[in-house]
Structure formats: C-alpha cells, structure tokens
Amino acid sequence: MPIKILSNDMASKIAAGEVVERPSSVVKELVENSIDAGASIISIEIWDGGLRYIRVTDDGTGIPTDEIAIAFQRFATSKISVQTDLENIKSLGFRGEALPSIAVVSEVDLTTRDVDSISGSFVRMDGSTIVDSGPKSSPIGTSITVENIFSKVPARLKFLKTPAVEANRIQVVVRQMAMAFPGIKFTLDIEGKKNFATAGIGDLRGVCSDVYGHNVATSLIEITEEDSRDGEHKGILITGLIGPPEISRSNRSYINLIVNGRIVQSRSLSFAVEQAYHGFMKEKRHPLAIINIDVPLNELDVNVHPAKSEVRFVRESEVFSTLQKSVRNSLLKFSPLPNIHPDSMNENYSTWSGLLTRQGHSSSRRPMPIFQSQPTELFRYTPREAAASMYVIGQSQKLYIVADGPEGLFLVDQHAAHERVLYEDVN
Ligand code: ADP
Ligand code: MG
C-alpha cells in the first residue's frame with residue numbers, strides 16, 4: 001500500500017499520545033518499522049545512550065523515493081487506510097506518527113532504496129521540513145539516523161536518566177524484539193562495540209541463550225497450547241519457553257509477553273503466568289518466561305495505548321485461562337507424577353515438587369535426609385501409587401504430613417499437596 005495520510009475520521013480513531021518519550025522509544029518505533037518492512041537483518045547502533053546518536057538499518061522493502069516526504073507527515077501510513085484495517089491490524093505500526101514525532105525532536109537523516117529502484121535516495125530533516133535531499137547509493141532497505149534527541153526541547157531532556165540507564169533501556173527493547181522475532185538477525189552496537197547479536201534463524205531458545213545465557217536457555221521448558229473447546233480450534237495459540245521453578249527472579253520483568261508479535265505489558269496476563277507457578281515457586285519470587293500469545297487479528301484491539309504496549313482482547317478470560325493452563329500443564333509435565341530414576345536424588349526431588357515440595361519453605365526444613373536414606377525404595381512408587389497405601393501417623397511443624405508408606409516413612413508437604421488436590425479438581 002502506498003503511504004497516504006489517514007482521513008480525519010480515521011485519524012480521530014487513533015489512540016493519541018506521545019510516542020517519543022526517550023531514546024528507547026525511538027529505537028522501538030524504528031525497529032518496528034523495519035519489522036513491518038519485512039526486514040531479515042536489523043542493525044542498531046547507539047552512542048551516549050542514544051541521546052547523541054541512534055542508527056537503525058534494515059534490509060526491508062525500502063521506501064519509494066516519491067513517498068519519503070509524505071512518510072514524515074502526521075498520520076501518514078502505508079499500513080492501514082479504512083476502518084476494517086484498524087480492526088484487523090497485522091503490522092506493528094499503524095498510526096503514522098513515529099517518523100514525524102521523532103523528526104520534530106531531533107535531527108533525522110533517512111537513506112532508503114525500495115525493492116523496485118536501481119538506486120537510493122536520502123533526506124535530511126529539520127523538524128518537519130526537508131532541508132536536503134537527493135540520490136544516494138544504498139542497498140535495498142532503509143537506514144535512519146536520529147541525532148541529538150530532545151536538543152530542541154530541553155524540557156524533555158530533564159526526564160531522561162544517565163546515558164548508561166538509557167542505553168540499558170535500549171538493550172531491553174532490542175532483546176525483547178529479538179525474542180519476539182527469532183527469525184530476524186538483530187545486532188546492537190553500543191559506543192562502537194558489539195553488545196548483542198542474534199543468529200536470526202528462527203530459534204527462540206537460541207535467542208534466549210543470547211539474552212539470558214546458555215545455562216538458562218537450555219533449562220527452559222517448551223509450552224504450546226491451543227484453545228479448543230469441544231475439540232474445535234478457537235484460534236488462541238500459546239507458545240514459548242518458560243523457566244523451570246528453580247529459575248526465579250526478584251521482579252516480573254523476566255515475564256516477556258508477546259501478543260501477535262507485539263511486546264505488551266499486561267498485569268492480568270503476568271498474573272496468569274505467576275498463578276500457574278503457584279506452589280512451584282517461593283512467594284515473592286517471579287518466573288522467567290517468553291510467551292507468544294497469538295489470537296485472530298479481529299479479536300485483538302491494539303489501538304489502546306499510544307506506544308501500543310497495551311492491548312485488549314475480545315475473549316480476555318479465554319486467553320487468560322489458556323495461558324494459565326499451558327504454563328501449569330508444562331510445569332506439571334516437567335515435574336510429573338514421576339517416572340523416576342533413583343540415581344539423581346536432587347533432580348528427583350524437584351520432579352516431586354507438585355507433592356513432596358521444596359517450595360515455600362526454607363531449605364533447612366526440607367525432608368531430604370529421609371529420602372536419602374532409602375532412595376531406591378522410595379522411587380519405586382509414583383506419588384499417586386505411594387499415596388494410595390499411605391497411613392497418616394502425624395504432622396510435623398504444621399508443615400508436613402508424616403505417613404507410613406509401603407516401604408518407609410513419607411513426609412508430604414501439606415500445602416503443596418492441597419494445591420495439587422485443588423489443581424486436579426479443576427482440571
Ligand atoms: P506507521 O509505522 O504507523 O505507519 P511511521 O511514522 O512509523 O508510521 O512510518 C510512516 C511510514 O513510513 C510507514 O507506514 C512506512 O510506509 C514508511 N516507513 C517507515 N520506516 C520504514 C522502513 N524502515 N522501511 C520501509 N518503510 C518505512
Ligand atoms: Mg511506525
């Protein structure tokens with residue numbers, strides 16, 4: 001679709017607001033444009049936390065020379081044109097606001113060559129005015145340089161943090177984008193040094209290794225769940241990787257939620273994920289997860305927040321429950337009613353975590369010594385089998401049920417057992 005200015009009627013339907021708050025929002029908007037342009041390689045360079053210099057280069061479709069000027073006008077977009085497009089948004093951008101908003105607060109240079117042209121063009125912007133333009137040799141794709149952001153609006157500079165903090169925010173954005181698009185090769189250079197790079201071969205675990213390190217990446221558990229009632233596919237698809245219970249963090253920022261390719265912030269979805277870990281993870285600790293939630297385009301409203309980081313679902317409760325079920329089921333599968341090998345006691349212990357749990361209590365309270373005394377005997381039974389022939393003889397520290405079992409003494413974490421009973425009741 002050519003770049004056109006939205007009608008007043010359409011423009012009035014766009015969630016208005018400030019898109020460019022800080023350097024990381026510039027990076028996010030430019031990278032989104034590159035993704036929308038079908039790029040397979042996106043390179044980002046920043047200097048001084050992006051305050052002095054940001055460059056985003058892609059190998060996407062490029063912009064036809066005669067459309068460059070219009071791209072810098074408000075509400076100019078090639079991505080939607082009529083109401084039904086707004087209700088079925090496939091692209092990350094749709095508001096036609098990023099380029100003009102960035103241009104008015106900084107110095108922008110754009111070089112581009114579209115797929116149908118044999119040479120490229122450039123423009124240099126001063127605010128919303130083109131101050132220089134002409135032909136310029138360029139590979140197919142687009143490269144945008146944003147310099148001295150907010151130098152013309154010093155009031156905004158006051159709200160920025162140090163270059164190191166701003167650089168860190170940019171890193172977070174780039175890493176999240178890379179996890180949302182494992183098929184795109186991302187590179188981030190900070191102060192001329194390579195900071196981050198992905199292979200771009202579509203392997204989410206590989207990208208997680210680039211983001212969180214090899215050990216974390218190899219421990220992640222795959223999730224996949226479709227919302228199907230009466231066996232019928234309803235169009236909600238949950239996929240991704242979640243951390244095992246032993247990988248916990250002190251805040252929620254490691255729960256990455258990607259809805260139709262868009263990184264979103266959602267308290268309710270994060271809550272769904274955390275609830276699924278209930279009984280598996282200590283209180284006040286938070287899991288690590290990279291979760292893709294794909295829903296039919298017409299069941300998602302992305303036009304809620306100016307930076308497009310919040311979304312609304314038509315079937316919110318189904319999305320919530322499908323997400324929760326998928327995480328919970330994968331955790332249970334990872335920590336199954338076990339098929340246990342007696343040699344690796346510690347691992348086995350964690351696989352019993354649904355029932356004979358180590359969550360929620362300090363390690364000194366773990367009933368390890370008892371297990372260690374007779375591991376071979378114990379692990380002949382699954383908890384389900386063992387529970388059937390257990391005889392309760394008491395309670396210890398109001399935490400553990402003490403039971404006589406088929407081949408010895410059992411300590412059952414009663415809190416976790418209760419959780420498990422409730423869980424199996426509702427599922
Ligand atoms: P939006 O992304 O909401 O359409 P923008 O202001 O971000 O609005 O961009 C305006 C238009 O400029 C886009 O619709 C697109 O046609 C074009 N454009 C911007 N960046 C790129 C890019 N990297 N590659 C190709 N086209 C681009
Ligand atoms: Mg855009």
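Here are five short exercises with worked solutions on this structure, which is a predicted model.

**Exercise 1. Work out the strand order of the eight-stranded open sheet, and find which strands stand at its edges.**

Solution.
- Step 1: Begin with the order. Reading across the open sheet of eight strands gives 7-6-5-8-3-2-9-10, and the pairing is mixed.
- Step 2: Now look at the ends of that order. Strand 7 (129–136) and strand 10 each have a single partner strand, so one side of each has no neighbour in the sheet.
- Step 3: Add the twist. From one strand to the next, it averages 15°.

As background, strands of a sheet pair through backbone hydrogen bonds, either parallel or antiparallel.

**Exercise 2. Describe two of the strand pairs: strand 3 with strand 8, and strand 9 with strand 10.**

Solution.
- Step 1: Take strand 3 (residues 53–58) and strand 8 (residues 141–147). They run antiparallel and are joined by six bridges. To place yourself, find Val56, whose bridge partner in strand 8 is Ile144.
- Step 2: Go on to strand 9 (residues 185–190) and strand 10 (residues 193–197). This pair is antiparallel too, with four bridges. Here Leu188 has Phe196 of strand 10 as its bridge partner.
- Step 3: Look at the link between strand 9 and strand 10. The two strands form a hairpin with two residues between them, and Glu191 in the turn has a positive phi of about 50°.

**Exercise 3. Find out how helix 2 and helix 7 are placed against the strands.**

Solution.
- Step 1: Follow helix 2 (residues 23–36). This helix lies across strand 2 (41–47), strand 3, strand 8 and strand 9, and runs at about 10° to strand 3.
- Step 2: Turn to helix 7 (residues 163–180). Packed on the sheet, helix 7 touches strand 2, strand 9 and strand 10, and its direction makes about 170° with that of strand 9.

**Exercise 4. Decide whether Ser121 and Tyr212 are buried or exposed, and list their contacts.**

Solution.
- Step 1: Locate Ser121 in strand 6 (residues 120–126). Its relative accessibility is 6%; buried means under 20%, so Ser121 counts as buried.
- Step 2: Check what surrounds Ser121. Setting aside residues up to four places away in sequence, Ser121 touches Thr65, Ile68, Leu110, Thr111, Thr112, Gly134, Pro135 and Lys136. With Thr65 there is a side-chain to side-chain polar contact of 2.8 Å.
- Step 3: Locate Tyr212 in helix 8 (residues 204–212). At 18% relative accessibility, Tyr212 counts as buried as well, because the cut-off is under 20%.
- Step 4: Check the contacts of Tyr212. Leaving out residues up to four places away in sequence, they are Met179, Tyr254, Asn256, Leu288 and Ile290. The side chains of Tyr212 and Asn256 share a polar contact of 2.9 Å. Leu288 is 76 residues from Tyr212 along the chain, yet their C-alpha atoms are separated by 9.7 Å.

**Exercise 5. Explore the surroundings of ligand 1.**

Solution.
- Step 1: Begin with the residues around the ligand. There are 21 of them, and the closest are Asn33, Thr77, Ser78, Lys79 and Gly96.
- Step 2: Look at oxygen atoms of ligand 1. One lies 2.6 Å from an N or O atom in the side chain of Thr77. Backbone atoms take part too: an N or O atom of Gly96 is 2.7 Å from a ligand oxygen, and a polar backbone atom of Leu99 is 2.9 Å from a ligand oxygen.
- Step 3: Finish with the cover. Ligand 1 on its own has 530 Å² of accessible area, and the protein covers 95% of it.

Technical notes
Residues numbered from 1 in each chain as written. Chains lettered and ligands numbered in written order. Predicted model: local features only at pLDDT ≥ 70, side-chain atom pairs only at ≥ 80, totals over all residues. Heavy atoms only, no water. Pairing = 2+ DSSP bridges. Buried < 20%, exposed > 50% of the residue type's maximum accessible area, 1.4 Å probe, protein only. Polar contact = N/O pair within 3.5 Å; in protein donor to acceptor, adjacent residues only side chain to side chain. Contact = heavy atoms within 4.5 Å. Near = heavy atom within 4 Å. Areas by Shrake-Rupley, 256 points an atom, 1.4 Å probe, with all protein chains shown as cover. Axes fitted to C-alpha atoms, helices over the stretch in contact; angles between N-to-C directions.
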